[in-house]
Every structure is written in C-alpha cells, then in structure tokens.
Amino acid sequence: MGQNSSQFTEQELQDYQDLTYFTKQEILLAHHKFKLLAPEKVGHNKNAKLPMNKMFSYPELGANPFRDRICRIFSSNHDGDCTFEDFLDMMSVFSENAPRNVKAEHAFRIYDFDGDDMIGVDDLRQVIDRLIGNEQNLSEQDMQHLIQNILDEADLDDDGALSFAEFEHVINKSPDFTSVFRMKL
Amino acid sequence: MSSGERKKRITPGHVGKGWEEAGGEFYQESYPGADSDLEMMQTDPHRISTLLPSKKSRTGTTRKDTKLTTLRHRTTLKSHYQTTVAPNNDIQISLLPDLSENLSNEKLLWEEIMKIKAMPVNMAQKKELKIKLLSRDTLRLQGFKQFKWKKKQSFMQISTHLKEINEKLTLWRSSLKKIEGYYGTSVVSFFFFVKWLIFLNLIMALIMVIFVILPTFYVNKFNTTEISNLVFNISNASEVLSTLRPVNSFLNTIFDPESMVTSPFYYAYYDKYFNLNLYCFRLDLPLAYILATFMCLIYSFISVLKNAASGFKQRLLENQGQFYIYCNVVFSGWDFCIQNERSSKIKHKALYNEIVGRLNVEKRKEEQRNRTKQEWCNLCLIRIVINVLIITALIVAGFIIFLAFKFSNERNTEGDEWFIRLLVEFATAGSIISFNLIFPFIFRWLGKYERFNPILTMQITIFRTIMLRFSSLCILLGSVYKKLLQSITEVDDEMKSWESYLARELYKLLLLNAVTQVFCTFFINLPRSVLAKHCKNKFVQYFVKQEFNLSSHVLDVVYIQTIIWLGNFYAPVLPLIGVILMIIIFYVKKFACLVNCKPSPEVYYSSRSHSVYMFILLISFTFSIIPWAYSIVEIKSSKEYGPFMKYETVWAFIEQIFQKFPEWMNRAITFCVSSNFIVPLFIILLLTNYYYYAVYVVNKQMVLVLKRQLILEGHDKQFLLNRLSAFIKQQQERYHS
C-alpha cells in the first residue's frame, strides 16, 4: 500500500476522490488491483494503458459475458484498452455508492450494441444470446417470443425499440438492478 | 458515444439550407449544433429522429463539448424563453452570457463539482471540467453562511473518514465477497440476513444484560442484609462466577434439573429483588424484567417490520402486474459480481432455465385451458390425496413428538448408562429435529406430482415446512402446558418453576439443532459432496448431488430466531446464546455453500428472497408472541421462584404498575382500550382504507389510459417522422434535379 500511495500526489488523489464515488483509500485499493493485472507495466507507469485481453484477467470482467462491451464503453478511445483512469471510472460506476441513474446510463450503453442510442430487436437478441451463454440454445420461436414479451413490457411508445427513457423506467421498477450491476473492489 | 461518432461526421460551419426561414434561430439556440445535424440529415433522412428533444437532453451530456452542461442547460432555457416571447432583434441580448450566473458561491461550485461524477465521460474530461469550474470566479460565502458551509465541509470530511474506517471494520467483508463471487447476490443476501439477525440478537442481548442480568449479579455480589431477607436462594459471588463459565455451565443447565433454579440461564434465578433509584425513577426487578422483555420484542418487531416494508412494496408491485418479469431477467439477470468461470457457467444455465421456465409458464397456461375434464379431475384427486397424506403425516409426527415428551418425562433414568440418560433427555428435541430434517424432502418429492407451476410449488413447499416446524413447537408447548396442569394436582419436582422448565426444553432444542446442523454439514454432506465430485455413477449422483437450496437454509435460521423470541422471557440469556449460535451457523452455512454445494440452477432474486425472509420472520415473530402473551396473562406464575413470585400472574403485576400512574393517565388508558374509542377508530381506519382503495382503482385506470395514449403518441411520432423524411427526400430530389 505504501508503495502505491507514493505513485500518486495528494492532489491527484483529491481529484479522483472528487470525481468518482470512491474515497482515497478505495482509490489506492483500486490501483493495487489494477497493478495486479500487469505489475511491471503499471509499476513503471501508473497510468499505463492495458490492452483489452489484459483487462479480462480481472476476475469479475473475465466471467462477464459483456466484458468487451464494458471495456469499450469505459475505454477513453473506445477500442477497449483501458488506462488506470478508465478502470477507475469503471469501478466507480460499478461501486455501491453510484446512484441508480448513473448505473442505468452505462447499462444502456453496454446493451446498446450498435450504438444507435436505442436498444432495438438486434441488440436484445445479442444481450439474450450472451446471457444464456454458448452451451444453451434458445429456439428461434422462443427467442422471438421472449423479445416480443420484453417489448410488450417496456416499449411504451410501440416503436419496436427501447429508448433510454423507457429503459430507465424499466430499471427503476427492477428492484434487483442496483444490487446486481455492481462489482466490489 | 454514438453522439461522438456522429460529431466526427459533421463538418461544422455550414448552415442547413431550406430551414433558415422556419425559425432557424430557435433551433440554433436550443440545441447547439442543430444546423450541422440538419445538414447531415439531408444526406441521411432517417437521422432526423436524432433531432428529437427527448434524444437531445441525454446525449447532450456525452458530447465532447467544452461548455459546461449544467450551465448550458440554464442558458438554453432562458434563451428559449426569450426567443419565443421577444421580437427577433432582441435575440442578441439574450445571447450575451449572463454574468451573474457565472458568479457562483463556493457551495454551488462544490455541488457542481460533485455533479461531474455522474457524467458519462472519461476521467480526462472530468478533470478538465473540474479545472474549468475551479477557474471560474467564485464568491466567497459571507457571515453565517460561511460558518455553515465550513461546518458542512468539515462534517463531510469526517464522514468520509468514518466511512473508510467503517469499511475496514465491516464484519466478514471478504467472506461475503467470496460467496458473492461464487453464487451471486441472491445467496449473499441470505448471509446478510444472518448477519442482520446477529446484530438484532446482539441488541436484544445488550438490553437483557443491562437491565436484568447485570443488576442481578450486582445484587448477588453485595448481598446486603436488607435484600437477603427477601432472597429465597442465596448464592454468593463465587457461585455466580462458577456458573458463568460458559460451556461447563451451559451443559450443566441442561443435564442437571437442580440448576434450573440456581443458574442465571433460567427465569427462576432472577428472584433477587433489587431497587435501583435512578433520580426520580425507581427500578425494581420485576419492572426491569418485564420492561426489558418488552423492549426486546418491540425492537425486533420494529426492525423486522421496517425491513419487511420495502419488500412488501415490491411484492405489491409484482402482484399488480407492473412488474417487468422479462425485462428483469434480461437487464438485471447477470450478476456483475460473479468472478469465476464455473459460477458463470451455472449462471448462464440458471438464466436459460429461468427464461425457458417463464416461457413455459405461459405455454402451460394455454395447456391448462385445454385440459379435459377427465384430466382435471385426475389432477384434483392427486392434489387432494397428497394434501391428505401430508396432513396425516403432520398429525403422526405431532403424536410421536408428544409420545417422546411423555417418555422422556416418565422414564426414570437413575442408574442408567450416560448415553441412555442422554437419549431420554433429548428424546423430544431429537424427534422434533429429525422430523424437521426428513419431512422437507418428502414435501418436495410429493410437490412434484401436484403439477403446480414451479414458483407456486416452491412456495407451497416452504409453507408446508413452516407448518411442520411451528406445529412441532406447538406440540412441545402444549405438552409443557399439559404437564403444568397436572402439576397443580400432583406435586412435581420439575415443575417448581414451569418457566424454567420450558426454558430448559427450548435450550435442549437449540443445542440439538446446532449440533445436527454441524453434524449434517461436516459428516453427511461433506462426504456426499466428495462422492459427487469423484463418482460419476448416475444412481449415486442422484443421492449425492447437492444444490444450495436457499429456502431450507433460511428456514433453519428463522427457526432458531423463533425459539429465541419464544424463550426470551423464560431464559434471559437466550439472545446472547443466539448471537453465538448465529455466528456458528454463519460459518457452517458458509462451508456448506462454498464446499458442499453447487449453485442451484434456479434464479433467485435477491429482492424477492429478501422479502420472503422478512415475511417468514414476521410470521414466526407473531407465532412466538402469541403463546408468550397468553402465558403472561392467563397462566399463574410459579410461586417459589422468579421475579413474579409475589404476583398471581405477570399481568397482575402490570396492572399494579398501571395503577401507580397518575389518575389522568389511567383514565386516558382506560378510554383508549374502551369500545367508545376503539369502534370509531376502527371505522375511521376502514374508511381511510376504502378511500385509498378508491384512489388506487382510479390511478390504475389512469395508468392504463396514459399507456394507451403514449402508444398513440408514439405512432404519431413515427408517422410524422416518416412524412418528414419523405418530404426531405422529395426536396433533395428537386434540389438535385
């Protein structure tokens, strides 16, 4: 821990504390964890950019079916490679203290595969495919049925896709979202 | 992100043609960059939908715009207002930045900085924003405001420090995280539940220790002559200390009937009167005793209710059909805290099962509608037979427990081997616990043939198990009551203090329960799990495969808590023992969860299971209150032991206390419990209830109407967008030709 703290100035820590949902100690812990991903590289340059594959060795990311989406969303140049600051952003959003709307915003962007600011039928299909994994297979009929059910529930204006407002509405009604959309440091 | 890409494609500086007349200022003003968007729209007419205000307000924050969003928002509103009201030549004025708005004070500045966190931009941009904000002119707060602000700032600093310390001190942080990593949030919610119960019991134990146990010890230690006159059973300090040696004395209390009156584990011990004068308030033992018990029960009631309330709200939502089942599965299905491959695979499978299960429920409904009368009759018959079977089984179990109780009481164990004595001693508790262990399996097995939908099947099984556990406790209480009635006519040495006798039975039950938990986990389930890992035989697998069945574990814990509530009055040390037991249970269950079991391929939702725990806890609380309340009102307290030996019943003592109150207070209390007050109150409550029901019905209708309207609006929007894009296309073609 002592070594880590020397990598940051007090000002930097204060900045990070102001701009994330973390306290200074948690920030140092986050850096410690980031360092574990690539000890040499990060030891050399505390803000080193780690390629996406390296990021996947973070256990929570490795097991997550949306890992590449998460990395891309938080990566500052959108190619999935993350610096420590990107990692901190990510952890801040996934922390317990982040409010529901912030989490919802990022969840929406994770699920919005084609980036058209709407979760359409294709996005839903991809989300479901990733959720049930490679080993299981949903029949085409069931898949269509499921997507139809989702749209029936959530698509308030009946345009065949979920806008952010509709998504947020669903999330607000979902009691488990905040407890599930969370990674502990 | 999408807006970022969009932005890259835009070449700034050009103004969209053909739109200038149509209130160009308006568009430029409200949504900066609208002109360029318009131009882009001409190349791709479908892009027009991105111009909609509903899209703008959110994506505005993702723009790589150096302007401050919050600031822009404010000026936007203002200029919007002015352009619509004022004539065209006044627009220039509104475009000038309002200087007074930039001059914010320290507090506002700090609030704005705090808002940056919520923005979905990367750290570099956040830093930039912060620097921008800091470089702005700020007013220092003056006078009292300054003082208040300073105070708030230091308070916040302290609170972050406290939070950091708290984080470090949090009990079982790493254990819980590990479980979460393996099993996801729903199973970890069970462990949080255990932890919550530990703290509940800790507070109950504290109340008991402060008000009852410590004063009694104090009195015992400094036996003054005045008190010793009253004391029936004098025990000096060294005796107290010797009984305090926990394990030894705890076992003693169970095996030695004599200790029922000499050990602080029992009600009968608390008969040393003490008078503590705290200023104007006089506290004596009976009062302290009854107050402490009441405080414990009220505290538990409030905390259970508080926790249950949120769960009930959610259940209501669920029942009203406003709950988004499928969206919940898809959007909050994945536990982002899962961190190993194996659990992730199982989670995939669980989600798949859930989805297919949900879809099947619908199909099954269809099937139910098509069921022929013959099939329907068959199914009804099966269900009736199963229910009759289960009820008979419950009755037989009750009878056996009763017999065991009788056996253990009548059998004279003098001179027998120790293990026979042990067996006889624990016959009742043993039979209760073995039924608790075996019956749930039978229920689950029978439940399969009833062909209810899976969720209902699970609920029914839980309900039946609760019935079993409560009815066995009922039989125990009934047997003790019967013995008590007998002891009135014939002298029974054990029933000198029936309260202690009941406490003793409950202790036995608790102890045996804990022992079986530990035994099952380490000596039955552990070998099973080892077999499951190494033996691939299908037949063997059927018997050794274990899944972490959340509901049965919850019932185990709730059962312990029920006994604690039930026995709190008769055994003041029970909450303290409860704390220790719960801590043991936590580790036992953790072992069961991490080593013995595989994650269950069922999706449990943490919120739903939480509300179920609280609901079961509430039922068990009510269950444990009723016999206790009956006993303090109706059953005569034992004459030779305990704090209430001078009184006919405990209630007589409470009445006496009430009579000591001032006249007006007495009258107020009598009025409050008389029918003059209760009946109108009841009617008012009914009316309020009806009023809220009426409001609810109307609101429900309103929601439906609004939803329909929303759909129509959506259709309108799409229609207009289509028309608009067609129109633009037409324009373009005309322009090109």
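In the predicted model, the elements of chain A run, from the N terminus on, α-α-α-α-α-α-α-α-α-α-α-α-α. The secondary structure of this chain thus amounts to 13 helices and 0 strands. Along the principal axes, the C-alpha atoms of chain A occupy a box of roughly 55 × 30 × 25 Å.

Chain A contains 185 residues, of which 63% are buried. Among the contacts in chain A with a separation of 6 or more, 56% are made by residues 24 or more positions apart in the chain. The accessible surface of chain A was computed as about 6,900 Å², and carbon and sulfur atoms account for 46% of this area. With regard to charge, chain A carries 18 positive and 34 negative charges. The mean position of the positive charges lies 10 Å from that of the negative charges.

In chain B, a positive patch was identified on the surface, formed by B:K107, B:K145, B:K148, B:K151 and B:K152. The element that gives the most to this patch is helix α10 of chain B, which spans residues 143–169 and supplies 4 residues. One of the patch members, B:K145, is located in helix α10 of chain B. The relative accessibility of B:K145 is 58%; because exposed residues are those with over 50% relative accessible area, B:K145 is classed as exposed.

Terms used: Residues numbered from 1 in each chain as written. Chains lettered and ligands numbered in written order. Predicted model: local features only at pLDDT ≥ 70, side-chain atom pairs only at ≥ 80, totals over all residues. Heavy atoms only, no water. Patch = residues over 30% accessible without salt bridge, like charges linked within 9 Å, V, L, I, M, F, W, Y side chains within 5 Å. Areas by Shrake-Rupley, 256 points an atom, 1.4 Å probe, with all protein chains shown as cover. Salt bridge = Lys/Arg side-chain N within 4 Å of Asp/Glu carboxyl O. Lys, Arg positive; Asp, Glu negative; His and termini not counted. Charge placed at Lys NZ, Arg CZ, Asp CG, Glu CD. Helix = DSSP H or I, 4+ residues; strand = E, 2+ residues; numbered from the N terminus. Buried < 20%, exposed > 50% of the residue type's maximum accessible area, 1.4 Å probe, protein only. Contact = heavy atoms within 4.5 Å.
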